[in-house]
Amino acid sequence: MRKHDQLAKGAVKTVTSDGLIVLKPRAYRPKFPLRGIIVVLVAGFAFKGVLLASIGDAAYAAQVADLAQGGMVDRIGAWVMQIDAATMLIADFISSHLGDMI
C-alpha cells in the first residue's frame, strides 16, 4: 500500500531492457523554495559586508542610526542593515583580501 500511496503523488515511467514499463515514485521535492531563500540571505549578507568594508564601521553605523530615525519602513531597514557577526566576518575578509580594490 505504501508504494501505491507514493505513486499517487507522481510517478516516472521507465522501460526496462525486456520491454516492461515500470512506474517508480517521483522523488520528493519540497514546495517551499529553500534554495532561493538561502541565496537571497547570502547575497544580503555579502552586500552588507561589501558596504561595511567600503565605507568603514563609523560611517556605516551613522547611516544605520540615521535610517533608524525615519518611519516604519526605515526602521525595518535599519534593523535589517545593522552590523552583526556575519557582516563583520565578511567585511573583515573583504578588507583584508580585496582592500586595495574597494
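Colleague: Which residues make up the largest nonpolar core here?
Modeller: Six of them: Leu52, Tyr60, Val64, Ala78, Met81 and Ala91. Helix H3 (57-68) and helix H4 (72-81) each supply at least two residues of that core. Keep in mind that this is a predicted model.

Colleague: What does Val64 touch?
Modeller: Setting aside residues up to four places away in sequence, Val64 touches Ala78, Met81 and Gln82. Ala78 and Met81 are core members, as is Val64.

Colleague: Any general reason to expect a cluster like that? Why would nonpolar side chains be buried together?
Modeller: It's just a tendency: in soluble globular proteins, nonpolar side chains tend to be buried together.

Colleague: OK, switching to confidence. What's the mean pLDDT of the protein?
Modeller: The mean is 89, and 96% of the residues reach 70 or more.

Colleague: And where is confidence lowest, and where highest?
Modeller: The low point is helix H1 (residues 2-8), with a mean of 79, while H4 comes out highest at 96. H4 is also one of the helices feeding the core we just talked about.

Colleague: How many helices and strands does the protein have?
Modeller: Five helices and two strands. Starting at the N terminus, the order is α-β-β-α-α-α-α.

Colleague: What about overall shape? What's the radius of gyration of the protein?
Modeller: The protein has 25 Å, whereas a compact globule of 102 residues would have one near 13 Å. The C-alpha trace spans about 70 × 35 × 15 Å along its principal axes.

Colleague: How much of the protein is buried?
Modeller: Buried residues make up 11% of the 102 residues. The accessible surface is about 8300 Å², and carbon and sulfur atoms account for 66% of that.

Colleague: And what share of contacts joins residues at least 24 apart?
Modeller: That's 41%, counted among contacts between residues at least 6 apart in sequence.

Colleague: Now charges. How many salt bridges does a search of the whole structure find?
Modeller: One. Asp84 pairs with Lys48, and their closest N and O atoms are 3.4 Å apart. The pair links distant parts of the chain: Asp84 lies in the loop between H4 and helix H5 (85-98), Lys48 lies in helix H2 (residues 34-55), and 36 residues separate them.

Colleague: Are those two, Asp84 and Lys48, buried or exposed?
Modeller: Asp84 is partly exposed, with a relative accessible area of 27%. Lys48 is buried, because its relative accessible area is 5% and the cut-off for buried is under 20%.

Colleague: Let's look at Thr87. Where is it?
Modeller: Thr87 sits in helix H5. Thr87 counts as buried, at 0% relative accessibility.

Colleague: So what is Thr87 in contact with?
Modeller: Not counting neighbours within four places in sequence, Thr87 is in contact with Phe45, Lys48, Gly49 and Leu52. You've met two of those already: Lys48 is the salt-bridge partner of Asp84, and Leu52 belongs to the largest nonpolar core.

Colleague: Last one, Ala46. Which helix is it in, and is it buried or partly exposed?
Modeller: Ala46 is in helix H2. Ala46 counts as partly exposed, since its relative accessibility is 31%.

Colleague: What separates the C-alpha atoms of Ala46 and Ala86?
Modeller: A distance of 9.0 Å, although Ala46 and Ala86 are 40 residues apart along the chain.

Definitions and conventions
Residues numbered from 1 in each chain as written. Predicted model: local features only at pLDDT ≥ 70, side-chain atom pairs only at ≥ 80, totals over all residues. Heavy atoms only, no water. Core = buried A, V, L, I, M, F, W, Y, C linked by side-chain atoms within 4.5 Å. Buried < 20%, exposed > 50% of the residue type's maximum accessible area, 1.4 Å probe, protein only. Helix = DSSP H or I, 4+ residues; strand = E, 2+ residues; numbered from the N terminus. Contact = heavy atoms within 4.5 Å. pLDDT = per-residue confidence, 0-100. Rg over C-alpha atoms; globule rule 2.2 N^0.38 Å. Areas by Shrake-Rupley, 256 points an atom, 1.4 Å probe, with all protein chains shown as cover. Salt bridge = Lys/Arg side-chain N within 4 Å of Asp/Glu carboxyl O.
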